[in-house]
Amino acid sequence: MAANAFEGAAPRGAITQPPSSNEYLTDRGFRLLTVCGASLIILLVGYILWKIGGQALPAIYRYHLGFLISTNWNVADQNFGILPEIWGTLYSSILALVIGGFFGLTVAIFLTQDFLPLRLALVFRTIIEMLAAIPSVVFGLWGIFVVIPAIRPIANWLYDILGWIPFFGSSLSGPGLLPAALVLAIMILPTVAAISQDALNLVPYRTKEAAYGLGTTRWEAILKVMVPTAAGGIASAMVLGFGRALGETMALAMLIGNSNQISLSLFAPAQTLASLLASHFPEAGAIEVQALMYAALVLLAITLVVNMMGTAILTITQRRISGRS
Amino acid sequence: MYWRAPFAVFFIVVAIAVSPGKVAAQNVKLIGSGASFPFPIYSAWFKDFSKKNDGVTVDYQAKGSGAGIQDFTNRTVDFAGSDAAMTDEEIAKVTDGVVLLPVTAGEIVLAYNLPGNPKDLKLPRDVYPDIFLGKVTKWNDPKIVAANPSLKLPDLQITVVRRSDASGTNFVFTKHLSAISPEFAKEVGSGTTVQWPKSDKIVAAPKNDGVTATIKQTPGAIGYIEYGYAKLTKADFALLQNKAGQFVLADTKSGQATLATATLDSRLRGWIEDPAGPDAYPIATFTWLLAYKKQDAKKADWLRKLVEYCVTTGQSISDSMGYIPLPENVVAKIKTASAQIQ
């Protein structure tokens, strides 16, 4: 530890005192601790990447980038590709984000913009956050037993009359993209709602009062002042929600139908990367494990790209709001 | 998420590495992992065995046959379970020698969900492989109607439900379909995971319970599950036409007739791809317990006792748990083979 630079620096009879060496040590110690904690996290991410990357390396050499555009997952021929999985992951997550993001933001506005007495809003908030505590497998079962039977008649009616639109191009028999995306939307709702609420709460109330003072209506104040001001936080809520949707495993494995195909239809079964990993890991042989690690690496890369895009959007919106460009 | 699996493996390895060392002085702890197909009966057996023998604990983790063989080869377990036994190459990797014991057997049924719950649906040999190839797509297909003149079959699309995870159930089922349908053998083949035809009407669900739940919730669905699960959930399952041309319902009797046709090799391996007997149910299989020939004397002693328990007292609950009690000659062979565990 470095010597206390303030030692002997105190003028006689002063009210203020230089930090004692004890305080000095605590301060330095705490700083060291935080630096350690922060670097440990970075190290951990690096270690995970290194481990997964190392195990994926043989598969990367063997399949190159063709892995990303091949549609087969054939253990017997050791012919692996993950295009349907990438497609299914992005399709289901984007769909979930559109639905969950919309409702999450609506809920956040409802709970923060003086629609409810403060206490009642707190109760609502707690209930929504409880959604986050429900295990994934319970969501999966709920999807199988409640969501699918509920949407099946509607889906098949849409297929009957609008079947020529590619989005409704097949009938819904059971598991499929739409039920999976709906359940996924509910699963990301608490994340989106909670962070959006925090973001909206952070906007000083005076901003709203000022907006009212300029003669805006309530809705103008919310949609044109409050929400844009909180846009940075709301965008990060969306990014986090999307990240959660990308990595969600069990509920999707139960609901998406795990079919290795690419289809625009909302009612057709599909497959996601996380679900592929979960269902194939336990029984995979050496070469399949390498391919799965490659797939895991791709999933990590997708998450990274999404996060970076989120940060970029955040920076741009904040710049625009603060008037600098 | 995707890092859960390695983490879980890590914790299991730690648990395995730490636990026996601490307790070995006083107690015996046998740890196994592998096939999920026999998990219900294994857990019942091992619980009962641990209860009856003070100081002995037997733990079994249903990770899947492949993972079980891997653990067994890496010596992280005391025994393992596998639906596919072990190949000669895999056996060669285990320096301490391997004893393969077919301690129980099960059947795979085709469970279905049809409006009005018609019972005793009959599926001919040339039809059910085609259903799983996605070629027979309607329940009122003339071939199905012809085999079931007494049933009123709806004009409904068949939704095939398959396993999404690799499994011994897949292995046994696809092996049977490949044996009876050359086209299935060519287009899909057999294995713990296979490339199923791409179709909107072939969906996959994880594990036996996932497949069962999906069938139960999907009108027009058909899928393959273990007999035990079908029994437990009271699902309707089809009578299948066997090699002799008879329509047979899966139960203990027809299962035993199937096992009687099995020939086991010197390592007690043997698959029943297409049994010939007139009463034999077409899709049944043994599942194997893997043990080392050489190990700690105390563990070997208890392992032998465990095997003895499984093939004697244990067999009495087979029936109620949806497994097939072993034929006498197989029990005798297992008893002889288990003497090799030293």
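What follows is a chat about a predicted model with chains A and B.

Trainee: Before we start, what should I know about how this model is handled?
Mentor: Since it is predicted, local features need pLDDT of at least 70 and side-chain atom pairs count only at pLDDT 80 or more, while totals for chains, interfaces and linings use all residues. Residues are numbered from 1 along each chain as its sequence is written, chains are lettered from A and ligands numbered from 1 in the order in which they are written, and side-chain values use heavy atoms, with hydrogens and water left out.

Trainee: Cool. How many residues of chain A and chain B are in contact?
Mentor: On chain A there are 36, and they meet 34 residues of chain B. Contact here means heavy atoms within 4.5 Å.

Trainee: And what area is buried between chain A and chain B?
Mentor: About 3,000 Å², with carbon and sulfur atoms giving 54% of that. Buried area is the accessible area (1.4 Å probe) that two parts lose on being put together, summed over both.

Trainee: How many salt bridges does the rule find across that interface?
Mentor: Zero between chain A and chain B. The rule asks for a side-chain nitrogen of Lys or Arg within 4 Å of a carboxyl oxygen of Asp or Glu. For polar contact, eleven residue pairs turn up across the interface, both residues at pLDDT 80 or more. A polar contact is a pair of N or O atoms within 3.5 Å; within protein, one must be able to donate a hydrogen and the other to accept it, and residues adjacent in sequence count only if both atoms are side-chain atoms.

Trainee: Which elements of chain A give two or more residues to the side that touches chain B?
Mentor: They are β1 (73–74), α5 (136–162), α10 (250–255), α11 (273–280) and α12 (286–321) of chain A. The top contributor is α5(A), with four residues. Helices (H or I, at least four residues) and strands (E, at least two) are DSSP runs, numbered from the N terminus.

Trainee: How do the residues on that side of chain A divide?
Mentor: Into 18 nonpolar, 16 polar and two charged. Ala, Val, Leu, Ile, Met, Phe, Trp, Tyr, Cys and Pro count as nonpolar, Asp, Glu, Lys and Arg as charged, and the others, Gly among them, as polar.

Trainee: Let's look at Ala213(B). Is it buried or exposed?
Mentor: Ala213(B) is buried, at a relative accessible area of 11%. Buried means under 20% relative accessible area, exposed over 50%, partly exposed in between (1.4 Å probe, protein chains only). You'll find Ala213(B) in helix α9 (residues 207–217) of chain B. Leaving aside neighbours within four places in sequence, Ala213(B) is in contact with Ile144(A) and Phe145(A).

Trainee: Switching to cores: which residues have the most contacts inside the largest nonpolar core?
Mentor: Phe46(B), Leu123(B), Ile131(B), Phe132(B), Ile144(B) and Phe286(B), in a core of 105 residues. Strand β4 (residues 98–113) of chain B gives the most to this core, with eleven residues. A nonpolar core is a set of buried Ala, Val, Leu, Ile, Met, Phe, Trp, Tyr and Cys residues joined through side-chain atoms within 4.5 Å.

Trainee: What is Phe46(B) in contact with, leaving aside its neighbours within four places in sequence?
Mentor: Val58(B), Tyr60(B), Phe79(B), Leu289(B), Leu306(B) and Cys310(B). There is also a second, separate core of 31 residues, which includes Ala96(A), Ala251(A), Met254(A) and Ile256(A).

Trainee: Back to salt bridges. How many does the structure hold over all chains?
Mentor: There are 20. One joins Arg125(A) and Asp198(A), with the closest N and O atoms 3.3 Å apart. Arg125(A) sits in helix α4 (residues 118–130) and Asp198(A) in helix α6 (residues 177–202) of chain A, so the pair links parts 73 residues apart. Arg125(A) is buried at 18%, while Asp198(A) is partly exposed at 38%. Arg125(A), Glu129(A) and Asp198(A) are linked in a salt-bridge network.

Trainee: Which residue does Lys207(B) meet in a salt bridge?
Mentor: Asp165(B), at 3.7 Å, N to O. Lys207(B) lies in α9 of chain B and Asp165(B) in the loop between β6 (159–163) and α7 (168–180), so the pair ties together parts 42 residues apart in sequence. Lys207(B) is partly exposed at 34%, and Asp165(B) is buried at 5%.
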